[in-house]
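Subject: A structure for you to look at

Hello,

I am handing over the structure we talked about, and I would be glad if you opened it before reading on. My notes follow below it.

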Amino acid sequence: MSGHRGRHFLQIPGPTNVPDRILRALSAPTIDHRGPEFAVLAADLVDRLPRVFRTSGPVVTYPSSGTGAWEAALVNTLSPGDRVLAFETGHFATLWRTLAERLGLVVELVPGDWRHGVDPEVVHERLTAARARGADIRAVCVVHNETSTGVASRVAEVRPAMDAAGHDALLLVDTVSSLGSIDYRHDDWGVDVTVGCSQKGLMLPPGLGFNAVSERALEASRSARLPRAYWDWGPIIEANRDGAFPYTPPTNLLYGLREALDVLLAEGLDAVFARHARHAEATRRAVHAWALDVVPLDDREHSASLTAVFVPDGYDADQVRRLILDRYDVSLGAGLGRLTGRVFRIGHLGDLNDVWLAGALAGVEMGLTGAGVPIRPGGVQAAIDHLAATAGAPEAAGAAG
Ligand SMILES: Cc1ncc(COP(=O)(O)O)c(C=O)c1O
């Protein structure tokens, strides 16, 4: 917006602020993607990217958004008519379901109120019931962090629930808005395909999609019959072994990815997660001090990467967002799907520090007041009290990534 000075506050839950050093890395000259310099870059990414997913298996990188990576996860592992179990945790889970149906899969959707995550007990019940009626489930799809609601599902508890049902379905997890922001362990949690992308916790522009792939998923891909060509993991993993891609790779985004890995791994993943959790707690304290409500109803399911905030009945969240953008140059996330106009979303993921967060919350508090929303003052104070009281806490130790 003209007239604003200083930096724009991009506080949507992705794309996130891209650090200057990553912007500089992105602007390096494009090189021959079949030459020796590129092979060194690719080999480094193949080696280090899996650490972010906490896997020792391969991670396939696509020039795509997260939606492409969803499609890749499904077409590489499943066949026409396969049944998948999905959960209506919010807007993005609903979109993933639609995509699966368009590919010819049969989706059993567990309805939800958009205020709760996936209940591991329901996973157990649904798998058992489907098997009993002869309609076995081939894959379970879970969105780790619902970007539309700020509800984070307890993915660590899903595979144990599947095991307790004696079921070996594939587990496919969307980490689009949790990767590099919220604790996630592809191997330890028994996930088969993890879907990720570049524009959120990895602090990159949009344009890269990822699939982390388990041994079982690779095995499944050998017999899966959904049509696939460009998305086929096989030729990509094969070419990656020689530091190459079977198509022209997005060289400059890959420079950015290398830089992002340097940044994340130097801070240490555990420290990154602790920083996000602390900023999320400060944000919730602000919201509660304003006497407003957040979307999640279960205290175990608060997202560390964004907070979705209800405006009181009779107020329009989009109008509040517009005013905050116009007056204070702060972009907030819109309510999506059934939450349109009812919530605004504060993104607190990626490249963020205490003062930056406090500034964003100040913009929100001034904007709510300016829009005439009846709030109690003191949200920013509550947030900075928490930030001050916990400054130098766990993340300062810089745990190993
Ligand atoms: C949880 C989640 N899954 C999937 C997507 C779709 O990703 P993309 O818009 O990059 O295709 C998004 C987008 O924000 C998301 O938040």
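Let me start with the ligand. A backbone N or O atom of Gly-66 lies 2.8 Å from one of the ligand's oxygen atoms, a polar contact in the sense used here (a pair of N or O atoms within 3.5 Å; within protein, one must be able to donate a hydrogen and the other to accept it, and residues adjacent in sequence count only if both atoms are side-chain atoms). Please keep in mind that this is a predicted model, in which local features need pLDDT of at least 70 and side-chain atom pairs count only at pLDDT 80 or more, while totals for chains, interfaces and linings use all residues. Residues are numbered from 1 along each chain as its sequence is written, and side-chain values use heavy atoms, with hydrogens and water left out.

Two side chains also reach the ligand: a polar atom of Ser-65 is 2.6 Å from a ligand oxygen, and an N or O atom of Asp-174 is 2.6 Å from a ligand nitrogen. On its own the ligand has 390 Å² of accessible area, and the protein covers 86% of it (Shrake-Rupley method, 1.4 Å probe; for residues, only the protein chains shown count as cover).

The residues around the ligand, meaning those with a heavy atom within 4 Å of it, include Trp-70, Phe-92, Asn-145, Gln-199 and Lys-200. By class, this shell has four nonpolar, six polar and two charged residues (Ala, Val, Leu, Ile, Met, Phe, Trp, Tyr, Cys and Pro are nonpolar; Asp, Glu, Lys and Arg are charged; the others, Gly among them, are polar). Helix α3 (residues 66-77) gives the largest share of the shell, three residues. Helices (H or I, at least four residues) and strands (E, at least two) are DSSP runs, numbered from the N terminus.

Now to the sheets. One is open and has seven strands in the order β2-β10-β9-β8-β5-β3-β4, with mixed pairing; two strands pair if DSSP finds at least two bridges between them. At its edges are β2 (59-62) and β4 (106-110), each pairing on one side only. From one strand to the next the twist averages 20°, where axes are lines fitted to C-alpha atoms, for helices over the stretch in contact, and angles run from 0 to 180 degrees between N-to-C directions. Within this sheet, β5 (residues 139-143) and β8 (residues 170-174) run parallel over five bridges, and Cys-141 stands opposite Leu-172 in β8. Helix α3 packs on the sheet, touching β2, β5, β8, β9 and β10, with its direction at about 160° to that of β9; contact means heavy atoms within 4.5 Å.

The other open sheet to look at has four strands, ordered β1-β12-β13-β11 with mixed pairing. Its edge strands are β1 and β11, and its twist averages 30° from one strand to the next. Three bridges join β1 to the parallel strand β12, where Val-330 is the bridge partner of Phe-9. Helix α12 (residues 354-370) lies across β1, β12 and β13, at about 85° to β1.

Two backbone details close the tour. Most residues other than glycine have a negative phi, and most peptide bonds are trans. The bond from Gly-14 to Pro-15 is cis, with omega near -5°, and Pro-15 lies in the loop between β1 and α1. Ala-291, not a glycine, has a positive phi of about 65°.

Best wishes
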